[in-house]
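Subject: Structure for your review

Dear colleague,

Please find the structure below, together with its sequence. A summary of what was found in it follows.

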Amino acid sequence: MSHHETLKARTFFLAAILIWAVAPMVCAQITGGMNETTGTRLGGTNYLAGTVFWPSGKPINTRMGIRLSSPTGGDFMTTTDDRGQFIFSGLTAGDYSVVIDGERDFEPVSQNVAISEPRSSVRQTYTVSIRLVDKIKRGGKPAVVDQADLGIPKHVSELYRKALDFSKNGDRKGAVEQLEKAIAEYPAYVNAQNELGVQYMQLNELEKADEALAAAVKLKPDGFEPLVNRGITLFRLKRYSDAEASLRRAIAVKNRSAIAHYYLGRTLTNLEQYDSAENELNLAIKIGGDDMKEAHRMLANLFIKKGDDQKAIKELELYLTLAPDVPDAVNLRKAISQLKAPK
C-alpha cells in the first residue's frame, strides 16, 4: 500500500470510529431515571437498590459516587440520580459492602449487605438506605452541606426545580428560560449556573455553555460538576489545552470520576500526548466498568493514530462485544477487516 493509500485508509478508520462519539456525557443535577451499573460481570440475577439521604433526612438531589465492594468480585461504581437512588445488577450470592467514601463534607459510610442464593428463577432485589453524616471539623462544628437549596431564596429555588422538570421532559429551551430567571434573581446560585451550562451544551450552544460554566467555576473554584462540565465543553470547542486544565482540576477534586478521566483521555489524544491519554482512558474503564465502553472505542482511535493496528483491533472487538447493536457496527467491523488485511 502506498503512503497516500495508507493515509486515506487511516482517515477512513478514524472517521468510522469517531462518527458516533459526539454525544456528550455531562455531570449535572441528574434528572433522568435511576442509574444502573451493568459492569459487575458477576453473572448473577440479583439487584441491589438503594437511596442516599442528606443528614436532614431528605433524599440527596445531586450526583454522588457509590462503590460496591465484593471480596471475590472486586469494586464496582455507579452514581445516584436526582432522587438519591442507585442500583447494581447482575449480583451473585455473597457478602457486599456499599461504600460512600469520596465526599469532602461527609463522613465515610459503609453498609454491609448479604445476598442469598435465589430460591427460584425470580430475580430478587435487595434494598438499602444510607443517611449521610456531616464531617465534623475542629471545634465541633459540622461542615457546610452543599445542597442546591441551602441559602437560596425559596422562589429562586422553585425556578430551578421547574427548570429540572422542563429538562426531564426534554424541553431544553424551557429549562434555560427558568434558569436564566433564577440567575437574574440570584447570580451566585452555583447549581443554576452549572445546570444552565449543561442545558446549553445539550442545545449545542457551546459558547453560551462555557460562559455559564465559567461563572459557576468562578463562584465555586473547587466545584467538581462545573469543572468537569466546563472541561467537556472546552473539549467540544476544540480548546484542548484549556480543557485539559479544567479536567485535571476536576480530577483533583474527585479522582474516581470515570467521565473526567474519559474526557481527559480524549483531550490528551488530540494533544498527541498518547501515553498519558492511554492511561486516562484505561482509568475510566477501571472505574466505570462496562458503563465506559466508549473508552474502548477511543482507545482504538488512539492506537490507530499511533499506528498500532493490533491494539486498535483488540479494542474495537472488545467494544463490539460490549455494544453489539451500536448503529455503526457494520462500519466498525469493516474497519477491523481492513486493519487486519495484509499491508
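Strand β8, which spans residues 125–131, has two unlike faces: Y126, V128 and I130 make up the covered one, while T125, T127, S129 and R131 make up the uncovered one. In a regular strand, side chains alternate between the two faces of the sheet. Please bear in mind throughout that this is a predicted model.

The partner of β8 is strand β2 (residues 46–53), and the two run in the parallel sense, paired over seven bridges. Within this pairing, I130 of β8 has V52 opposite it. I130 also belongs to the covered face of β8.

Turning to charged side chains, the structure contains 10 salt bridges. Side chains of opposite charge can pair when their charged atoms come close. Three of these contacts are described below.

- D81 and R83 form a salt bridge through their side chains, with 3.2 Å from N to O. D81 is buried, at a relative accessible area of 0%, whereas R83 is partly exposed, at 40%.
- R248 and E244 are joined by a salt bridge of 2.9 Å, N to O. Both residues belong to helix α7 (residues 240–253) and sit four residues apart, which is about one turn of the helix. R248 is partly exposed, with a relative accessible area of 37%. E244 has a relative accessibility of 16% and therefore counts as buried, since the cut-off is under 20%.
- D275 and K306 form a salt bridge whose closest N and O atoms are 3.4 Å apart. This pair links distant parts of the chain, with D275 in helix α9 (residues 274–288) and K306 in helix α10 (residues 294–306), 31 residues apart. D275 is exposed, at a relative accessible area of 53%, while K306 is partly exposed, at 39%.

In addition, D210, R230, R239 and D242 are joined into one network by salt bridges that share partners.

As for the interior, the largest nonpolar core has 65 residues. Which of its residues touch the most other members? They are L196, V228, Y262, Y263, L281, L320 and V326. Another core lies apart from this one and has 22 residues, including I60, F86, Y96 and I100.

Aromatic rings form the last topic. A search of the whole structure gives six aromatic pairs. In one of them, the ring centres of Y160 and Y189 are 5.3 Å apart and the planes stand at 40°, so the pair is tilted. Y160 is in helix α2 (residues 154–168) and Y189 is in the loop between α3 (172–185) and α4 (190–202), so this pair ties together parts that are 29 residues apart in sequence. Y160 and Y189 are both buried.

By contrast in geometry, the pair formed by Y262 and Y263 is edge-to-face, at 5.1 Å centre to centre and with 85° between the planes. Y262 and Y263 are each buried, and both are among the residues of the largest nonpolar core that touch the most other members. Ring pairs also place Y262 and Y263 in a cluster with F235 and Y240.

With kind regards

Technical notes
Residues are numbered from 1 along each chain as its sequence is written. This is a predicted model: local features need pLDDT of at least 70, side-chain atom pairs count only at pLDDT 80 or more; totals for chains, interfaces and linings use all residues. Side-chain values use heavy atoms; hydrogens and water are left out. Buried means under 20% relative accessible area, exposed over 50%, partly exposed in between (1.4 Å probe, protein chains only). Two strands pair if DSSP finds at least two bridges between them. A salt bridge is a side-chain nitrogen of Lys or Arg within 4 Å of a carboxyl oxygen of Asp or Glu. A nonpolar core is a set of buried Ala, Val, Leu, Ile, Met, Phe, Trp, Tyr and Cys residues joined through side-chain atoms within 4.5 Å. Rings of Phe, Tyr and Trp (its six-membered ring) pair if their centres lie within 6.5 Å; planes under 30 degrees apart count as stacked, over 60 as edge-to-face and the rest as tilted.
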